[in-house]
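Let's take a friendly walk through a protein model, one feature at a time. Keep the structure open beside you as you read.

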Amino acid sequence: MVALIIGDLINLRALKRIESKQILEWVNNPSLKYWTGTVFPISEIEHEEWFEKKLNEKVNKLFGIEERKSGNLIGVIGLSNTDLFNKSTELFTYIGDEQYCGKGFGTDAIKTLVRFAFEELNLHRISLVVFSYNTRAIASYKKVGFVTEGVLKESLYKGGKYHDKIIMAILNDRGISEGE
């Protein structure tokens, strides 16, 4: 039995070693690299070292996003730079299977992990960085309750021009919107 964090459309679960290859394909997908900011191709060895480290993390967890109906792995979501003393963390996510993009799965995954981080981990603040051209992700974060805290002007060079990075965060006392 796999332990799950249950959302409306998705489950968040521990990743399986066998899924490493699928995640490597996503990370090296040129269209996904545009959204995640990855620049260089990731080698199998480099990816395996990163994946193994993530599987063994105690706090900065990486979860698989599993579509509830099919049980298919459709993306990943995780926490990084978690500070238990100050009760803060950073969130990162992507939907790797493009057929699930724009259908609410990412928003549900974000809402589910935020709820878990606030209710089960007793965290107070979750932040993230998103690229200004990623309007779909920005809308998703806003649905969950994230607000813009700042802008790093022209700090990303992608596609032959400079773009802003937007810093967003949600505080536990704001609650989680249902996205309706």
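## A charged pair between two strands

K153 is exposed, at a relative accessible area of 61% (exposed means over 50%, buried under 20%, and partly exposed in between, using a 1.4 Å probe and protein chains only). Its partner D164 counts as buried, at 17% relative accessibility. The two side chains meet in a salt bridge, 3.2 Å from N to O (a salt bridge is a side-chain nitrogen of Lys or Arg within 4 Å of a carboxyl oxygen of Asp or Glu). This pair links distant parts of the chain, with D164 in strand β8 (residues 161-171) and K153 in strand β7, eleven residues apart. Strands (E, at least two residues) and helices (H or I, at least four) are DSSP runs, numbered from the N terminus.

Before going on, a word about where all this comes from. This is a predicted model, in which local features need pLDDT of at least 70 and side-chain atom pairs count only at pLDDT 80 or more, while totals for chains, interfaces and linings use all residues. Residues are numbered from 1 along each chain as its sequence is written, and side-chain values use heavy atoms, with hydrogens and water left out.

## More salt bridges

How many salt bridges does the structure hold? There are six. Side chains of opposite charge can pair when their charged atoms come close.

One of the six joins R13 to E66, with 2.7 Å from N to O. R13 lies in strand β2 and E66 in strand β3 (residues 62-67), so this pair ties together parts that are 53 residues apart in sequence. R13 is buried, with a relative accessible area of 2%, and E66 counts as buried too, at 12%. Salt bridges that share partners bring R13, E19 and E66 into one network.

Another salt bridge is formed by K111 and D8, whose closest N and O atoms are 3.0 Å apart. Here K111 sits in helix α4 and D8 in the loop between β1 (4-6) and β2 (10-13), 103 residues apart. Is each partner buried or exposed? K111 counts as buried, at 8% relative accessibility, whereas D8 counts as exposed, at 53%.

## A lysine without a partner

Now look at K33, in helix α2 (residues 30-36). K33 is buried yet has no salt bridge, and the nearest side chain of opposite charge, E46, is 9.2 Å away. For charge, Lys and Arg count as positive and Asp and Glu as negative, with His and the chain ends not counted.

Which residues touch K33, leaving aside neighbours within four places in sequence? They are V27, N28, T38, V39, F40, P41 and K158 (contact means heavy atoms within 4.5 Å). Of these, F40 is found in the loop between α2 and α3 and counts as exposed, at 64% relative accessibility.

## The largest pocket

The largest pocket has a volume of about 1200 Å³. On a 1 Å grid over the protein atoms alone, a pocket is an open set of points with protein on both sides within 12 Å along at least five of seven lines, and lining residues have an atom within 4 Å of a point. Grid points are joined across faces, edges and corners, and the volume is the space filled by probe spheres set on the points.

This pocket is lined by 43 residues, of which W35, T36, F92, T93 and Y94 lie nearest its centre. The elements giving two or more residues to the lining include α2, β4, β5 and α4 (105-119). By class, the lining has 23 nonpolar, 13 polar and seven charged residues. Ala, Val, Leu, Ile, Met, Phe, Trp, Tyr, Cys and Pro count as nonpolar, Asp, Glu, Lys and Arg as charged, and the others, Gly among them, as polar.

## F92 up close

F92 belongs to strand β5 (residues 88-95). F92 is partly exposed, with a relative accessible area of 24%. Beyond its neighbours within four places in sequence, F92 is in contact with L62, V76, I77, G78, L79 and S80. V129 is 37 residues from F92 along the chain, and their C-alpha atoms are separated by 8.1 Å.

## Two positive phi angles

Two residues to find last are N81 and E154. N81, in strand β4 (residues 73-83), has a phi near 50 degrees, a positive value in a residue other than glycine. E154, in strand β7 (residues 147-158), has a positive phi of about 45 degrees although it is not a glycine. N81 is exposed, with a relative accessible area of 53%, and E154 is exposed as well, at 52%.

Note on methods
On a 1 Å grid over the protein atoms alone, a cavity is a set of points where a 1.4 Å probe fits but cannot get out, and a pocket is an open set with protein on both sides within 12 Å along at least five of seven lines; lining residues have an atom within 4 Å of a point.
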